[in-house]
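Work through the exercises below with the structure open. Try each task before reading its solution.

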Amino acid sequence: MQLRIHTDGGSRGNPGVAGGGVVVFHGDQEVYSNSFAFGTKTNNEAEYLAVQKALEWLVEYSQENQVKSAQFFLDSKLVVEQLSRNWKIKEPRLRELANDCWKAVVSLPYSVDFNHVKREKNADADLLANQAMDAAED
């Protein structure tokens with residue numbers, strides 16, 4: 001089983017009310033989706049937290065399903081390049097979040113890749129992130 005995982009995080013204000021969305025596909029079938037309120041965070045923190053939520057779900061899902069690989073798709077080039085270890089992480093809070101993500105990745109017995117996509121290719125996760133921020137503002 002190969003999974004395609006779309007995540008998005010955002011904040012209204014930077015920092016501000018933050019939320020994230022995760023949508024997971026196996027082929028054309030959606031197997032999971034959720035939105036999360038993160039409190040007051042920066043946009044980059046929210047992007048990382050959305051990936052972290054997806055990884056938490058993936059670790060649990062993998063225990064009962066035969067996942068062979070997971071491809072993450074984000075519209076944050078910064079987070080993709082940092083999690084792929086191509087760019088340094090200078091901000092201590094982001095380094096901590098990246099370390100948490102890497103710990104989850106190495107616990108999985110298959111490959112996990114992070115890919116950058118344009119925002120319009122990440123619309124489902126973006127919608128969920130915005131719904132989480134809307135709910136948090138009410």
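Contact means heavy atoms within 4.5 Å. The model is predicted: local features need pLDDT of at least 70, side-chain atom pairs count only at pLDDT 80 or more, and totals for chains, interfaces and linings use all residues. Residues are numbered from 1 along each chain as its sequence is written, and side-chain values use heavy atoms, with hydrogens and water left out.

**Exercise 1.** Place E45: which helix holds E45, and is E45 buried or exposed?

Solution. Start with the helix: E45 lies in α1. Helices are DSSP runs (H or I, at least four residues), as are strands (E, at least two), numbered from the N terminus. Next, the accessible area. E45 has a relative accessible area of 13%. Buried means under 20%, exposed over 50%, partly exposed in between (1.4 Å probe, protein chains only). So E45 is buried. Finally, list its partners. Not counting residues up to four places away in sequence, E45 touches R93, L94 and L97.

**Exercise 2.** Find how the axes of α1 and α3 cross.

Solution. Fit lines to C-alpha atoms, for helices over the stretch in contact; angles run from 0 to 180 degrees between N-to-C directions. The α1 and α3 axes come within 10 Å and cross at roughly 15 degrees. Angles under 35 degrees count as roughly parallel, over 145 as roughly antiparallel, 65 to 115 as roughly perpendicular and the rest as oblique. Therefore α1 is roughly parallel to α3. Now name the residues. On α1, the contact includes N44, E45 and Y48. On α3, R93, L94 and L97 are among them.
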